[in-house]
Amino acid sequence: MTRPILPSNRSLYYGGAWHLPLAGGSRTCSSPATGETYGEVAVGDADDMEAAIRSAYAAFPEWRDTPPLTRAKALRQIAQVMRDNREDLALLDAAESGNPVAAMIRDVDIAADLLDFFAGLVTEMKGDSIPMGPNAINFTVREPHGVVGRIVAFNHPLMFCGAKMAAPLAAGNTLVLKPAEQAPLSVLRFIELIEGILPPGVFNVVNGGAEAGALLASHPKVAMVGLIGSVPTGRAVMTGAAATIKPVLLELGGKNALIACPDADLDKTAAGIIAGMNFAWCGQSCGSTSRAFVHADIYDAVLERVVARAGEFIPGDPTDPETTMGAVISRRQYDRILKFIEIAKAEGARLIHGGEPAQVWGHPDGNFIQPTIFADVTPDMTIAREEIFGPVLSVLKWSEEATLMEHVNAVDYGLTCSIWTQDLARAHRLARLVDAGFVWVNKSSSHFLGAPFGGVKQSGIGREESLGELLSFTREKNLHLAFD
């Protein structure tokens, strides 16, 4: 795997056809690791989004009335296309997003698995019967909402596209997806590969900026909108959705905690801390456990092991299968992360690993940053409170459980938490007390097919990757049939 297969079509896709942007907008695509450019890609505005929404709206009645098992068959075909092209799609994803190709191959597999998963659930969108006596029947049915909008992030460009199209389409909705502005090429190539599987207008993609996203959220013909993104973007989507009182599904940011108890296995805990940081993605993951609270009794021993394991992640060319850590998505994000590192130093955090730009041979201008670990962080420090979305881990020392939980829950986020202990009672107690939507015990980072993923507080609304996600793309209707 050396050079990615680029998409032939760089336009907008809606109504089963490729369209040039009405205002002629475009941007240059390039690698955040090597600086190599991959040509221009269309950028749509509000008028383009309007056209895509109308195409989805026109296609909805036919797709709604398509038998569920027929919809499932189409999703399984798409999943197989992804598997048949997994290496090529992953290489393109890696080249443009900066994430290692080995990780991107897993992303393709995850997306294909979720397409199959939701295809298998189409007969589970069931209603209930309510007893009314001999002269009436009362029951509920589940119906699709209509046109669904989904806006996805840059850290898993193709996986988010494949995985997040699955539930809405399985439920009978049509979809308008806005991919990540920074990394749309793998999505465009994916569309080329699956053209003809779905009826025209069922799946539409408009690459665009804030203007296009705002219209998608507020448009009266869009019945529901979902977002994977930042908290500020989530607020903007909710504001837009409020105009027509439409439901939202939001998976937003995180400043997630990992709690290491005094009885935790030292080696496994250190491995869990490193895995939880998602250094392969340069920490660009909303679920990263970027705050490690380590008990005083094991603090020094765990730190020693964490530093040793951090050395396994060496930034490099993301298209090289041997690369273990990629590049930050943009120069803007790169500068932002380095600024947080300087703030941490100024506020008194102790740097024990990394903390500098990484030098990668042959790529002097790449957005590479060393995996960075700060010890002796206190809860009031900036790096312990704000989501950095970069390879920066804060390690905090704790000794008293009540104070620990106060500090763990002090941030506005509540997506994930990882707890490390051999004490089952302690694990249950801490899991109950933590304000998070997804909790691991003696595990970190992993998602599990069918297990609902989502956050509380400002980390989002709703659950994904489960039956609950499928049902959220339906609405319940009650029918009462009187016979007297």
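Good morning. I begin with an open sheet of three strands, in the order β5-β6-β20, whose pairing is antiparallel. Please keep in mind throughout that this is a predicted model. The edges of this sheet are β5, residues 129-130, and β20, residues 474-482, and each of these strands pairs on one side only. Strand β6 covers residues 136-144, and two bridges join β5 to β6 in the antiparallel sense. To find one of these positions on your screen, look at Ser129: its bridge partner in β6 is Phe139. For those who are new to the subject, the strands of a sheet pair through backbone hydrogen bonds, and they may do so in a parallel or an antiparallel manner.

Let us turn to another sheet. In what order do the seven strands of this open sheet stand? The order is β14-β15-β16-β13-β12-β17-β18, and the pairing is mixed. At the edges are β14, residues 350-353, and β18, residues 438-441, each pairing on one side only. From one strand to the next, the twist averages 20°.

I shall walk through some of the pairs in this sheet. Strand β17, residues 416-420, runs parallel to β18, and four bridges join the two. Within this pair, Thr416 has Phe438 of β18 as its bridge partner.

Next, consider β16, which spans residues 392-398. How many of the seven residues of β16 are buried? Six of them are, so that the strand is mostly covered by the usual cut-off of under 20% relative accessible area. Strand β13, residues 291-295, pairs with β16 in the parallel sense over five bridges. Here Ala292 stands opposite Val395 of β16. Strand β15 also pairs with β16 in the parallel sense, over three bridges, and in that pair Phe374 has Ser394 of β16 as its bridge partner. As a general remark, in a regular strand the side chains alternate between the two faces of the sheet.

A helix accompanies this part of the sheet. Helix α11, residues 331-346, lies across β14, β15 and β16, and runs at about 20° to β15.

I would now draw your attention to two loop residues. Most residues other than glycine have a negative phi. Which value does phi take at Cys282? It is near 60°, a positive value in a residue other than glycine. Cys282 lies in the loop between α9 and β13, and this residue is buried, with a relative accessible area of 0%. The other residue is Phe389, in the loop between β15 and β16. Phi of Phe389 is near 55°, again positive in a residue that is not glycine.

We come to the pockets. The largest pocket holds about 1200 Å³ of space. It is lined by 38 residues, and the closest to its centre are Phe154, Gln182, Gly229, Ser230 and Thr233. Which elements give two or more residues to this lining? They are α7 (210-218), β10 (222-228), α8 (231-242) and α11. Helix α11 is thus the helix that also lies across β14, β15 and β16. The greatest contribution to the lining of the largest pocket comes from α8, with seven residues. By class, this lining has 19 nonpolar, 11 polar and eight charged residues.

The second largest pocket holds about 800 Å³ of space. Of the 32 residues that line this second pocket, Ile110, His156, Trp281, Ser445 and His447 lie nearest its centre. Helices α4 (101-119), α5 (157-170) and α9 (266-276) each supply at least two residues of the lining. Among the elements, α4 gives the most, with five residues. The lining of the second largest pocket divides into 15 nonpolar, 10 polar and seven charged residues.

Finally, there are the cavities. How many cavities of 30 Å³ or more does the structure hold? There are four. The largest cavity contains about 100 Å³ of space. Its lining includes Tyr13, Gly16, Ile191, Ile194 and Glu195, and also Pro199, Pro200 and Phe203. By class, the lining of the largest cavity has eight nonpolar residues, three polar and one charged.

To close, I return to the two sheets: one has three strands with antiparallel pairing, and the other has seven strands with mixed pairing. Thank you for your attention.

Note on methods
Residues are numbered from 1 along each chain as its sequence is written. This is a predicted model: local features need pLDDT of at least 70, side-chain atom pairs count only at pLDDT 80 or more; totals for chains, interfaces and linings use all residues. Side-chain values use heavy atoms; hydrogens and water are left out. Two strands pair if DSSP finds at least two bridges between them. Axes are lines fitted to C-alpha atoms, for helices over the stretch in contact, and angles run from 0 to 180 degrees between N-to-C directions. Contact means heavy atoms within 4.5 Å. On a 1 Å grid over the protein atoms alone, a cavity is a set of points where a 1.4 Å probe fits but cannot get out, and a pocket is an open set with protein on both sides within 12 Å along at least five of seven lines; lining residues have an atom within 4 Å of a point. Grid points are joined across faces, edges and corners, and a volume is the space filled by probe spheres set on the points. Ala, Val, Leu, Ile, Met, Phe, Trp, Tyr, Cys and Pro count as nonpolar, Asp, Glu, Lys and Arg as charged, and the others, Gly among them, as polar. Buried means under 20% relative accessible area, exposed over 50%, partly exposed in between (1.4 Å probe, protein chains only).
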